[in-house]
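I opened the notebook for this chain today. The entries below follow the order in which I looked things up.

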Amino acid sequence: MKKIAITLMAVVFSATVFAQSAFDKFDGQDDVTSIIVNKKMFDLMGKVKMDASDKEAQQYLNLIKKLDNLKVFTTKSTRVENEMRAAANQYIKSANLEELMRVNDAGKNIKILVKSGAKDTQIRELLMFIEGGGKNDDTVLMSLTGNFDLDEISLLTDKMRFPGGNELKKATKGPKGPKGPK
């Protein structure tokens, strides 16, 4: 019984480590812009004093407390785009992410995948990959982990204004959920 428990812990730990390092190779590359926000920063942001009567600000603070990690990588480089696509595809298979939706709009291919939590609207991980539609379009790879509801994402994209946020906001509007229409 001990061996099974130890093996199970090793599998869970290695999956967590892989999730954290799957996209880290893009951080610090010359052709890549990186935004990385860790749990400690979310904790600090969650302690900011705000007007208690401002409902939207309170919702934002509540969401921030639920987040663990945000990584956003953008590039215009075709070489790096291909590397990002390969890394994302490999990670999608290994992490058992479920496709929330896929959009092809004006040459841009947008994929949004999730790992569900305990409830249908609860998300433990969200991965978004946007392939640029032209030479001047950014390719965006975003990973967000925590324990949050899908309907809270549009609030995050409004406040943080990160690359790909508009696409994510459009995708999460309406009564879709991880089990909803694709």
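Which residues does Asn69 touch, not counting residues up to four places away in sequence? I note first that the model is a predicted one. I listed the contacts of Asn69 and found Ile36, Val37, Asn38, Phe42, Ser143, Leu144 and Thr145.

**Entry: Asn69 and its strand**

I placed Asn69 in strand E2. Is Asn69 buried or exposed? Its relative accessibility is 15%, and buried means under 20%, so Asn69 counts as buried. I then checked the whole of E2, which spans residues 67-75. The strand is mostly covered, with 8 of its 9 residues buried.

**Entry: partners of E2**

I looked at the E1 side. E1 and E2 run antiparallel and are joined by 6 bridges. I noted two of the bridge partners in E2. Val37 is partnered by Leu70, and Ile35 by Val72. Val37 also turned up among the contacts of Asn69.

I went on to E6, residues 139-149. How many bridges join E2 to E6? I read off 8, and this pairing is antiparallel too. Leu67 stands opposite Gly146 of E6.

**Entry: the sheet**

I traced the strand order. It reads E1-E2-E6-E5-E4-E3, an open sheet of 6 strands with antiparallel pairing. Which strands stand at the edges? They are E1 (32-37) and E3. Each has a single partner strand, so one side of each is left without a neighbour in the sheet. I also noted the turn between neighbouring strands, which averages 10° with direction ignored.

**Entry: helix H2**

Phe42 had appeared on the contact list of Asn69, and I wanted to see its helix. H2 covers residues 39-46, and its buried residues are Phe42, Met45 and Gly46. How do these buried residues fall when seen down the axis of H2? They keep within an arc of 100°, so they line one face of the helix. I checked where H2 sits. The helix lies across E1 and E2, and runs at about 115° to E2.

**Entry: aromatic pairs**

I searched for paired rings. The structure holds 2 aromatic pairs. I noted for each what is customary: a pair of aromatic rings is described by the distance of the centres and the angle of the planes.

One pair is Phe23 with Tyr91, edge-to-face, at 5.2 Å centre to centre and 70° between the planes. Which parts does this pair tie together? Phe23 belongs to the loop between helix H1 (2-21) and E1, and Tyr91 to helix H4, so the pair ties together parts that are 68 residues apart in sequence. I checked the burial of both rings. Phe23 is buried at a relative accessible area of 2%. Tyr91 is buried, also with a value of 2%.

Phe26 and Phe73 make up a tilted pair, with 6.0 Å centre to centre and 55° between the planes. Phe26 sits in the loop between H1 and E1, while Phe73 is in strand E2, 47 residues apart. I found Phe26 buried, at 0% relative accessible area. Phe73 is buried as well, at 1%.

**Entry: an unusual backbone angle**

I scanned the phi angles. Most residues other than glycine have a negative phi. Asn96 has a positive phi of about 55°, although it is not a glycine. Where is the place of Asn96? I located Asn96 in the loop between helix H4 (78-95) and strand E3 (98-105). Asn96 is exposed, with a relative accessible area of 64%.

**Entry: the whole chain**

I closed with the totals. The protein chain has 6 helices and 6 strands. From the N terminus the elements run α-β-α-α-β-α-β-β-β-β-α-α. Of the 182 residues, 39% are buried. The chain exposes about 10600 Å², and carbon and sulfur atoms supply 52% of that area. I looked up the contacts with a separation of 6 or more as well. Residues 24 or more positions apart account for 62% of them.

Methods:
Residues are numbered from 1 along each chain as its sequence is written. This is a predicted model: local features need pLDDT of at least 70, side-chain atom pairs count only at pLDDT 80 or more; totals for chains, interfaces and linings use all residues. Side-chain values use heavy atoms; hydrogens and water are left out. Buried means under 20% relative accessible area, exposed over 50%, partly exposed in between (1.4 Å probe, protein chains only). Helices (H or I, at least four residues) and strands (E, at least two) are DSSP runs, numbered from the N terminus. The arc is that of the directions from the helix axis to the C-beta atoms. Two strands pair if DSSP finds at least two bridges between them. Axes are lines fitted to C-alpha atoms, for helices over the stretch in contact, and angles run from 0 to 180 degrees between N-to-C directions. Contact means heavy atoms within 4.5 Å. Accessible areas come from the Shrake-Rupley method with a 1.4 Å probe; for residues, only the protein chains shown count as cover. Rings of Phe, Tyr and Trp (its six-membered ring) pair if their centres lie within 6.5 Å; planes under 30 degrees apart count as stacked, over 60 as edge-to-face and the rest as tilted.
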